[in-house]
Amino acid sequence: MSAYFLFYALVTVELIKQVWKSSVVNGNVIIGLISGYISVGLLGFFICISIEMISPGSFLGFTEGGTLTENAMYYSYITLLTIGYGDLLPVSSAAKNAAILIGLTGQIYLVVITAIVIGKYIGQAKIVNKDQ
């Protein structure tokens, strides 16, 4: 499990770095932006499943319907997207802290990384329009 987490952490960091450093916004940058967000959700999944495996019962509702991996994946993305239906709840301190981390990471990613890409795209469009 640690190897998978480390792998996805490195992939996520590399995706974000490539999107951040891109000078021209094209389809590849947009795909990278989306892939980075999905990778952040996968990191949240590994955090949630690790917490539940180390301390069973950290999340209320994980044992009801679906497998542990399905529920951890669902919870991670619902928290990342800040939807939070309330069907799965963090009850332990570690689970609550993970929920805060996943939610904040999702919002920071959308606000900072996406804003940078949009800013580059607008700047790129101004240069193209200036040349015409």
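## Report on a predicted protein chain

Of the 132 residues of the protein chain, 35% count as buried. The model is predicted, and every value below is computed from it.

**Overall build**

The protein chain has 4 helices and 2 strands. Read from the N terminus, these elements follow the order α-α-β-α-β-α. The C-alpha trace spans about 60 × 30 × 25 Å along its principal axes. The radius of gyration of the chain is 18 Å, whereas a compact globule of 132 residues would have one near 14 Å. Among contacts with a separation of 6 or more, 71% join residues that are 24 or more positions apart. The chain exposes about 7900 Å², and 69% of this area is supplied by carbon and sulfur atoms.

**Three residues compared**

The table lists the relative accessible area of three residues.

| Residue | Relative accessible area | Class |
|---|---|---|
| Glu14 | 35% | partly exposed |
| Lys17 | 38% | partly exposed |
| Val117 | 4% | buried |

Why does Val117 count as buried? Buried means under 20% relative accessible area, and Val117 has 4%, so Val117 falls in that class. Glu14, at 35%, counts as partly exposed because that class covers values between the 20% limit for buried and the 50% limit for exposed. Lys17, with 38%, is partly exposed for that reason too.

**A salt bridge in helix H1**

The structure holds 1 salt bridge. Glu14 forms it with Lys17, and the closest N and O atoms are 3.8 Å apart. Both residues belong to helix H1 (residues 2–21), where they are 3 residues apart, about one turn of the helix.

**Val117 and its contacts**

Val117 is part of helix H4. Which residues does Val117 contact, leaving aside its neighbours within four places in sequence? They are Val19, Val25, Val29, Ile30 and Leu33. Val117 can also be compared with Ser23: the two are 94 residues apart in sequence, while their C-alpha atoms are 9.3 Å apart in space.

**A nonpolar patch on the surface**

Helix H4 (residues 93–131) also supplies the largest share of a nonpolar patch, namely 6 residues. The patch lies on the surface, has an area of about 660 Å², and is made by Trp20, Ile100, Leu104, Ile108, Leu110, Val111 and Val112. Leu104, one of these residues, is found in helix H4. Helix H4 therefore holds both the buried Val117 and patch residues such as Leu104.

Methods. Residues numbered from 1 in each chain as written. Predicted model: local features only at pLDDT ≥ 70, side-chain atom pairs only at ≥ 80, totals over all residues. Heavy atoms only, no water. Patch = residues over 30% accessible without salt bridge, like charges linked within 9 Å, V, L, I, M, F, W, Y side chains within 5 Å. Areas by Shrake-Rupley, 256 points an atom, 1.4 Å probe, with all protein chains shown as cover. Salt bridge = Lys/Arg side-chain N within 4 Å of Asp/Glu carboxyl O. Rg over C-alpha atoms; globule rule 2.2 N^0.38 Å. Buried < 20%, exposed > 50% of the residue type's maximum accessible area, 1.4 Å probe, protein only. Contact = heavy atoms within 4.5 Å.
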